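Visitor: Please take me through the terms used for this model, and show how each one is justified.

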Amino acid sequence: MINLGILISGRGSNMESILNFLKSEVTSVCPKVVISSKSEAEGVKKASALGIPTMIVSMELKGWDYDKELVSILQKYDVNPENGLVCLAGYMRLLSPEFVVKYKMRIMNIHPSLLPSFPGLNSQKKAYDYGVKVTGCTVHFVDEGLDSGPIIAQKQVPVLDSDTYETLSERILQQEHILYPYCIKLFSEDKLVVKGRRVIVTL
Ligand code: GRF
């Protein structure tokens, strides 16, 4: 069984899609806790409504000092480096190297572009303004860099001539909601083999 911790900062739609997926499918993933870096995050209410314990870590600490609080909560809920998976879902803080090393290749993130294009914030807008014809979303393992860890899976989304930045973002988000649960399931079935930067899916 994989014990899942989800870190959020805002709306929490990816978190919600993961939790709904885990409710409706038979998997070996057990959602244990949702931790928010913001007390007012919409996602906190959504997680509670779905019956998952929520915690807020909004203190003014930086780096590992902050992340130590995360580790102690995760461990309290039995999300450990041996049995756990930590999913970032709209989590707006960079993890410290210490945290990344502790949960090595057991932290995933979802990003709204086809990485390595358009890392960082406002990726949908950057892609739209750049004029790309295809964009999408990426689920990747988290390393010490910004959106730079080994890529697990990607989904393409075509940019239509009729698109606004908002309609494009919405279609990307729909794909995110499909891709993230799929990757978590693969992880729980031990089907992801990391070889350097390459993640091989052994179906
Ligand atoms: C998503 O677009 C995700 O790709 C990015 O942050 C956004 C979070 O949205 N990392 P939500 O909080 O899951 O609704």
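Visitor: What makes the space of about 900 Å³ a pocket?
Guide: On a 1 Å grid over the protein atoms alone, a pocket is an open set of points with protein on both sides within 12 Å along at least five of seven lines. The largest pocket holds about 900 Å³, a volume being the space filled by probe spheres set on points joined across faces, edges and corners. The model is predicted: local features require pLDDT of at least 70 and side-chain atom pairs pLDDT 80 or more, while totals for chains, interfaces and linings use all residues. Numbering starts from 1 along each chain as its sequence is written, and side-chain values use heavy atoms, without hydrogens and water.

Visitor: Which residues line the largest pocket, and which lie nearest its centre?
Guide: The lining has 39 residues, with G90, Y91, M92, I110 and L121 nearest the centre; lining residues have an atom within 4 Å of a grid point. Helix 6 (165-188) is one of the elements supplying at least two of them, and its 5 residues are the most from any element. Helices (H or I, at least four residues) and strands (E, at least two) are DSSP runs, numbered from the N terminus.

Visitor: How do you know that the ligand has polar contacts with R11, S13 and E176?
Guide: A polar contact is a pair of N or O atoms within 3.5 Å. Polar side-chain atoms of R11 and of S13 each lie 2.5 Å from a ligand oxygen atom, and a side-chain N or O atom of E176 is 2.7 Å from one. These distances fall within the limit, so each pair is a polar contact. The protein buries 85% of the 360 Å² that the ligand exposes alone, by the Shrake-Rupley method with a 1.4 Å probe.

Visitor: Why is the largest pocket called the space taken by the ligand?
Guide: A molecule sits in a pocket if more than half of its atoms lie within 2 Å of the grid points; the ligand is assigned to the largest pocket. Helix 1 and strand 5 give two or more residues to its shell.

Visitor: What makes P116 and F118 notable?
Guide: Most residues other than glycine have a negative phi, and most peptide bonds are trans. The bond from L115 to P116 is cis, with omega near 10 degrees, and F118 has a positive phi, near 55 degrees. P116 and F118 lie in the loop between strand 5 and helix 5.

How values were computed:
On a 1 Å grid over the protein atoms alone, a cavity is a set of points where a 1.4 Å probe fits but cannot get out, and a pocket is an open set with protein on both sides within 12 Å along at least five of seven lines; lining residues have an atom within 4 Å of a point. A polar contact is a pair of N or O atoms within 3.5 Å; within protein, one must be able to donate a hydrogen and the other to accept it, and residues adjacent in sequence count only if both atoms are side-chain atoms.
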